[in-house]
Every structure is written in C-alpha cells, then in structure tokens.
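Hi,

Here is the structure I promised to pass on. Have a look at it first, and then read on for what turned up.

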Amino acid sequence: MAIATINPTTGETVREFESLTPTEVEAALDRAARRFADYRTTSFDQRATWLRATADLLESEADDVATMMTTEMGKTLAAAKAETLKCAKAFRYVADHGAAMLADEVADAGAVGASRAFMRYQPLGVILAVMPWNFPLWQAVRFIAPALMAGNVGILKHASNVPQSALYLDDVLRRAGFPDGCFQTLLVGSDMVESILRDPRVAAATLTGSEPAGRAVAAIAGDEVKHTVLELGGSDPFIVMPSADIAAAARTAVTARVQNNGQSCIAAKRFIVHTEVYDEFVERFVDGFGALVVGDPTDPATDVGPLATEQGRTDLEALVDDAVTRGASVLIGGRRVERAGWFYQPTILAEITAEMDIYSAEAFGPVAVVYRVDDIDAAITIANDTAFGLGGNAWTTDTAEQDRFIDDIVSGQVFINGMTTSYPELGFGGVKRSGYGRELTAHGIREFCNIKTVWIG
C-alpha cells in the first residue's frame, strides 16, 4: 500500500510520501536508543510538563488537526475534533496521575526478612507502535502518553493512509519540548516491521489493528522474546432486555453502530434483543438509521461519512451480499451510495444464521445485524459465540441480569445501560482473538515497565 493521503470523500490522491530508506531507519533506531539512555533519568515532573504542553498544543490546533484527519480517513469534522480534544485530555490525565501509578509498590518487609522490600517500575527502552487508521491520533496517544511518562521512548509505524496524522504526532511532541529522539514517526511500509521489531535496540511492541497483523507481530516478538500488547478486532454484542429503556437503547444503538462511520473495534455490531421488546426496538433502530445523513464529512449536517478505503467498502459489500444470498433480510440500506468516494448506506440485517460470513466476521462499516432471543441464556450464548472478546454492552434495569452480563459476557469490558467507549480513567483491552494486555490507567502504563523486585537486608 502506497504511503499517501487519499481523500475517501472524493477518491483523489492529495499527497504522496516516500518511504524511509533502510539507512534512514537505522539512523532513527540509533537516535532512539541513544535518547533513551538519558531520557530514562528525567524526572516525572519534567515529563509531565512536556505532556501538558502537548495537550495545550492539541487544544489550540484542534480545528486544523480535525480537518487533516477528516481529509485522510473520512470521519466527520465533529468526530475528528472530539478525538483531538480526547487526546489532550489523555495527555493531561497521564501527566497528573502517572507518577502515582509508577510509584514504588511497598511490600511487607518483615514477612520476607528484609529491612525494606518493594517493587519498582522502570522503563524498558525503545517501544515500537504499529497503529491503525481509524482513530489516527487517539490510538497512538493511548500508547504515547503512558510510554513517555514511564521513561520509554517510542517509534511509530502508522497506517499508510494517514501519513500526515503520523507526522503531526512527531511534530507536536517535539514542539511541546520532548527531546529529539523521544518519539519518532517512521514512514515505512508493513514489510519493514519485522526487521525493526527484531532489532536488538527495540525492547517491545504494541499493535492495534487486524487479527492477521496481530498474529504476525506476536509471532515475531515471541521468536525474539519481546513483550507485546495487542488490541485487535471486535464484534461487540449489544443486548436489550425487557426492563430496558427501549427508546434510549435504540438511540444509543444507532450511535454505537455508526460512530466513526462504523469503523471502530468497540462499535456495537451484533444487536441481540429479547423477543418481548424486539419489534419495538427494531422499529426504533431502523427509524434511527433512516434519519442518518450520509455525505461529505466536512458538512456539519453529515452523520456518516465514507469508508476510509476503497478496499474497506469492497469487503463490507461482500459480507452483506453473502448474507443476503444466504437468506438474510435487509431492513434498511444494503448497497453502496452511488457517488464519488467510498460511501456505503447505513444497513441493518436480520435473520442471520451461522452459515453467513457476517455471523463470525467483523463488519467494519455502518452495518448492523439483529437477533431475536427468548431469554437471557440465549442472549449470552449468542454474545459469546464469537472469536472476539473486546467489548460488550447490555441494557437492563434488573440487577440480577446486570450481574449475569458482567460475569458471563467474555470480553475485556462490559458497559451496562450506556455505550461502550474508552476513557483515560478506565483500562482498555480484550480477550480471545481481540488480543491481550491493557492500555490506559495504571495497568496500561505498567505494560512497558520492568517490574523490578527490590529486597534490602
């Protein structure tokens, strides 16, 4: 895939970039390793000062940054600006709480025959981040802010269709005061990831992306005995029970499915509805989809913009066409929008069976599938009948049902009566083929630390 900004609203190539040469990559790795040697000794206070300065810049430049992201991957301007401000919030959160998260963890010295005993969190070194295009800033910031606060340095291999976003991250951190080499964007193709990850100067890696990409990086890292964090795909359930506020659930369901033009790993994708409220929910859900405005993402009236890539739309079409051929009902949508760019109609499918590809695959776009169930056991069975386990969503005011969903949905997170999302204050990550490890909070900042046991006699 060429390293280029291709506007998904028009299909036009805006700007192309040359990939770094092996010699330039070698220089970047050397720069990162040399910088880590002294950056690791900087104080938490100094790192926090640079993080807050980054947040200030993001806030002051939010409008321009939003336009850049919309041009590169097609999210609405409102969504792009919200993402930029969310990144600023994350930088501030880590600046405010990082030192406490990384403070020595004191043990019972007497129990181990010591005068002092504790765990110390120390940075690992150069961390490689392989990031996707759907949240060009936020996905990377979830790694960058905690890694830098912990004293690591970072190198970013971003998706090839968001090079300007990748370069902006490099630039904004430098302007915020981080020393040269603390964070570097490497404009390279996927074919160079293996050699970078195998380089002895790289200590660990984090990847957000597809399951095949995660498998490849995990295999290489395993061979090199290097730590990884993987956040891969998701096919999140959205369960609605009879006691739920059906109107609120249906409104949230629309947003949950089409956020980011339907291109979010934690977007609700499978809507599992109790038979007692199925008809009411589906009617409201379809009406909500019907009211969505599909169009130019720079237009404030637009709710859903284009898919980020032409291949993404082709893949989505194939899933829908396969389902319809095998007997699925199209409640609304079901086709591409005939205009320039990579648009697809917001679509809801029913009568889904296990023989259809969409039953087990992640539909990455504004396509929802609905299931009718008779009881909570059937709802949980369908929710867990997936290779993924990123997020889960359930709507019920019955506390016993809430406990069942919390305990029995196999996922990295469960949201009750609200839309699944990510917050700096909450851990983020999945299980099963959605990956392993955690981002955000103390769990995330410690992922790329040596947790060193100290015993003093």
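N152 is in the loop that runs between α5 (138-149) and β6 (153-157); helices here are DSSP runs of H or I with at least four residues, strands are runs of E with at least two, and both are numbered from the N terminus. At 0% relative accessibility N152 counts as buried, where buried means under 20% relative accessible area, exposed means over 50% and partly exposed is in between (1.4 Å probe, protein chains only). Its side chain makes two polar contacts to backbone: a polar atom lies 2.7 Å from the nitrogen of L124, and the side chain reaches the nitrogen of G125 at 2.9 Å. (A polar contact is a pair of N or O atoms within 3.5 Å; within protein, one must be able to donate a hydrogen and the other to accept it, and residues adjacent in sequence count only if both atoms are side-chain atoms.) Leaving out residues up to four places away in sequence, N152 also touches F36, Y39, P123, I127, A147 and F448, among others; contact means heavy atoms within 4.5 Å.

Before going further, the small print: this is a predicted model, in which local features need pLDDT of at least 70 and side-chain atom pairs count only at pLDDT 80 or more, while totals for chains, interfaces and linings use all residues. Residues are numbered from 1 along each chain as its sequence is written, and side-chain values use heavy atoms, with hydrogens and water left out.

Back to Y39, one of the residues touching N152. What does Y39 pair with? Searching the whole structure gives eleven aromatic pairs, and in one of them Y39 meets F178 in a tilted arrangement, 6.5 Å centre to centre with 55 degrees between the planes. For the cut-offs, rings of Phe, Tyr and Trp (its six-membered ring) pair if their centres lie within 6.5 Å; planes under 30 degrees apart are stacked, over 60 edge-to-face, and the rest tilted. This pair links distant parts of the chain, with Y39 in helix α1 (residues 22-39) and F178 in the loop between α6 (163-175) and β7 (183-185), 139 residues apart. Both Y39 and F178 are buried. F178 has a second tilted partner in W50, at 5.3 Å centre to centre and 50 degrees between the planes. W50 lies in helix α2 (residues 44-60) and F178 in the loop between α6 and β7, so this pair ties together parts 128 residues apart in sequence. W50 counts as buried at 13% relative accessibility, and F178 has a relative accessible area of 5%.

Y39 also has a charge over its ring: the charged end of R47 sits 5.5 Å from the ring centre. (That takes NZ of Lys or CZ of Arg within 6 Å of the ring centre and within 35 degrees of the ring normal.) R339 does likewise over the face of F343, at 4.2 Å from the ring centre. Elsewhere, F238, F271, F281, F285, F289 and W395 form one aromatic cluster.

Next, the nonpolar cores, meaning sets of buried Ala, Val, Leu, Ile, Met, Phe, Trp, Tyr and Cys residues joined through side-chain atoms within 4.5 Å. The largest has 82 residues, of which F91, L128, I144, I155 and I196 touch the most other members. Apart from neighbours within four places in sequence, I144 is in contact with F91, L169, L173 and F183. There is also a second, separate core of 29 residues, including I239, A323, I352 and I409.

Which residues of helix α13 (residues 376-384) are buried? They are I376, A379, I380, I382 and A383. These cover an arc of only 165 degrees around the axis, which puts them on the same side of α13; the arc is that of the directions from the helix axis to the C-beta atoms. Among the elements covering them are β10 (236-240), β11 (268-274), β14 (367-373) and α14 (399-408). At the start of α13, a side-chain oxygen of D375 comes to within 3.2 Å of the backbone nitrogen of D377.

One more buried residue is E231, in strand β9 (residues 227-231), with 3% relative accessibility. Beyond residues up to four places away in sequence, E231 touches Q139, R142, C265 and E439, among others.

Cheers
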